Amino acid sequence: MKICIIGPGILTIPPTGWGAVEILIDDYRKNLEKLGHEVFIVNTKIPQHIVGITNALNPDFVHIQYDDFAYIIPHIECKNVAITSHYGYVEQPDRWESHYRKIFWDFVNSNAKLFCLSPGIAEIYRKANVPEDRIFVTPNGVRTDLFRYTENPKYPERSIYLAKIDYRKRQHIYQNIPDLYFAGGCHDNRFDTSNPRYLGHWSKSVLYDSLTNYANLVLLSDGEAHPLVCMEALSAGLGLVISEYASANLDTSLPFIDVVSESKIHDLDYVRGVLENNRKVSVKMRKEIREYAMNFDWERVVKEKYVKSVEKILEGNNEQ
């Protein structure tokens with residue numbers, strides 16, 4: 001297949017540093033090419049260039065990986081077009097900004113297939129009366145090969161909150177919990193960066209090498225689609241303590257995954273207790289955690305989820 005992936009046009013692909021969407025687009029390309037597919041990436045902010053380059057490529061399949069480009073769908077000549085939303089609040093319509101509300105209906109009213117990062121997002125489209133044949137659940141994957149893994153973490157008594165520090169991630173609520181460390185660039189003035197447990201911004205090389213040193217990962221944000229950091233943590237052997245909104249595609253019945261309900265999200269004593277118990281369980285189950293992470297390996301996700309969805313779309317249109 002000849003596949004064209006449209007990026008945001010903001011950062012390079014792959015990015016030189018952080019850039020979640022850009023990283024996943026590059027991972028899609030690498031794994032699709034491993035399977036013998038021809039992949040082209042269009043990564044510019046100029047809509048006329050996006051449309052012109054994409055149409056000139058004459059691809060079999062086009063995948064738009066940026067919400068704000070939904071309006072260009074009618075101008076793409078390929079009849080096999082999909083788009084993915086990476087908006088953290090897709091599953092919470094009451095929190096949508098007016099800008100996103102318009103984008104959502106551009107998704108719904110288009111003729112594109114909707115590639116959803118989680119079953120919960122798929123359900124939102126169903127409630128908007130999107131036909132079932134337009135909805136596909138295609139979760140993100142993780143480069144399990146990039147993360148150092150050890151069965152004996154350097155800091156078995158520590159938890160790590162690894163994410164950009166901002167309002168959605170809610171780190172400021174938990175900054176006084178002992179044994180909880182924070183890594184990520186700070187974009188929230190409520191967070192005290194002089195905290196001795198604030199580790200600053202981690203480079204990718206530090207992330208790949210250092211994450212396995214901790215017992216578990218914390219992500220208690222108030223909105224997520226399918227957070228890559230959870231799969232990264234699993235790859236490094238860490239257990240998870242997450243909010244309801246960060247639990248997409250995870251088997252929350254597993255003993256090393258604890259979900260903190262919204263009713264308890266501000267109960268610091270409770271959260272601290274969950275962190276401690278999860279650390280004790282997770283440190284003893286590092287091997288099982290790493291094995292579970294392989295379910296999200298990019299190669300497996302692309303082969304078993306993504307390519308099968310694309311082939312189904314092409315077969316359906318060829319029969320028409």
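**Entry 1: a loop residue with odd phi**

I started at R170, which sits in the loop between β7 and β8. This is a predicted model, so I am reading computed geometry throughout. Phi of R170 comes out near 65°, positive although the residue is not glycine. I looked up the general rule: most residues other than glycine have a negative phi. Is R170 buried or exposed? R170 has a relative accessible area of 9%, so I noted it as buried, the limit being under 20%.

**Entry 2: another positive phi**

Next I went to N58, in the loop between α2 (47-57) and β3 (61-64). Phi of N58 is near 50°, again a positive value in a residue other than glycine. How accessible is N58? Its relative accessibility is 60%, so I put N58 down as exposed, given that the cut-off is over 50%. So my two loop entries read like this: R170 is buried, while N58 is exposed.

**Entry 3: a cis peptide**

I checked omega for the bond from I13 to P14: it is near 0°, so to speak a cis peptide bond. Most peptide bonds are trans. P14 belongs to the loop between β1 (2-6) and α1.

**Entry 4: the five-stranded sheet**

I traced an open sheet of 5 strands and wrote its order down as β8-β7-β9-β10-β11, with parallel pairing. Which strands are at the edges? They are β8 (180-183) and β11 (257-260), each of which pairs on one side only. From one strand to the next the twist averages 25°.

Then I went through the pairings. β7 and β8 run parallel and are joined by 4 bridges; I160 is opposite Y181 of β8. On to β7 (residues 155-162) with β9: the pairing is parallel over 3 bridges. Y155 has Y214 of β9 as its bridge partner. β9 is also joined to β10 (residues 239-243) by 4 bridges, and these two run parallel. Here the bridge partner of V218 is V241 in β10. I followed the chain from β9 through α6 to β10 and found that this β-α-β crossover is right-handed.

How many residues of β9 are buried? The count is 6 of the 6 in residues 214-219, so the strand is largely enclosed by the rest of the structure.

**Entry 5: the six-stranded sheet**

I also traced an open sheet of 6 strands, and its order is β2-β1-β3-β4-β5-β6 with parallel pairing. β2 (38-42) and β6 (135-137) are the edge strands; each has a single partner, so one side of each has no neighbour in the sheet. Neighbouring strands here are turned by 25° against each other on average, direction ignored. I looked at one pair at the β6 end: β5 (residues 113-116) and β6 pair in the parallel sense over 3 bridges. C116 is opposite V137 of β6.

**Entry 6: the largest pocket**

I ran the pocket list next. The largest pocket has a volume of about 1,400 Å³. It is lined by 46 residues, and A20, V21, K164, R168 and K169 are the closest to its centre. Which helices supply at least two lining residues each? I got α1 (20-34), α3 (98-109) and α6 (228-235). The largest share of this lining, 5 residues, comes from α1. By class I have 23 nonpolar, 11 polar and 12 charged residues in the lining.

**Entry 7: the second largest pocket**

The second largest pocket holds about 240 Å³ of space. Of its 19 lining residues, I23, D27, L146, K204 and Y208 are the closest to the centre. α1, α5 (204-210) and α6 each give at least two residues to this lining. Which element gives the largest share? That is α1, with 5 residues. I split the lining by class into 10 nonpolar, 3 polar and 6 charged residues.

**Entry 8: cross-check**

A last pass over α1 and α6, which kept turning up. α1 gives the largest share of the lining of the largest pocket, and it gives the largest share for the second largest pocket as well. α6 is on the list of contributors to the largest pocket and on that of the second largest. α6 is also the helix in the crossover from β9 to β10.

Technical notes
Residues are numbered from 1 along each chain as its sequence is written. This is a predicted model: local features need pLDDT of at least 70, side-chain atom pairs count only at pLDDT 80 or more; totals for chains, interfaces and linings use all residues. Side-chain values use heavy atoms; hydrogens and water are left out. On a 1 Å grid over the protein atoms alone, a cavity is a set of points where a 1.4 Å probe fits but cannot get out, and a pocket is an open set with protein on both sides within 12 Å along at least five of seven lines; lining residues have an atom within 4 Å of a point. Grid points are joined across faces, edges and corners, and a volume is the space filled by probe spheres set on the points. Ala, Val, Leu, Ile, Met, Phe, Trp, Tyr, Cys and Pro count as nonpolar, Asp, Glu, Lys and Arg as charged, and the others, Gly among them, as polar. Buried means under 20% relative accessible area, exposed over 50%, partly exposed in between (1.4 Å probe, protein chains only). Two strands pair if DSSP finds at least two bridges between them. A crossover is right-handed if, with the strands pointing away from the viewer, the path from the first strand over the helix to the second runs clockwise. Axes are lines fitted to C-alpha atoms, for helices over the stretch in contact, and angles run from 0 to 180 degrees between N-to-C directions.
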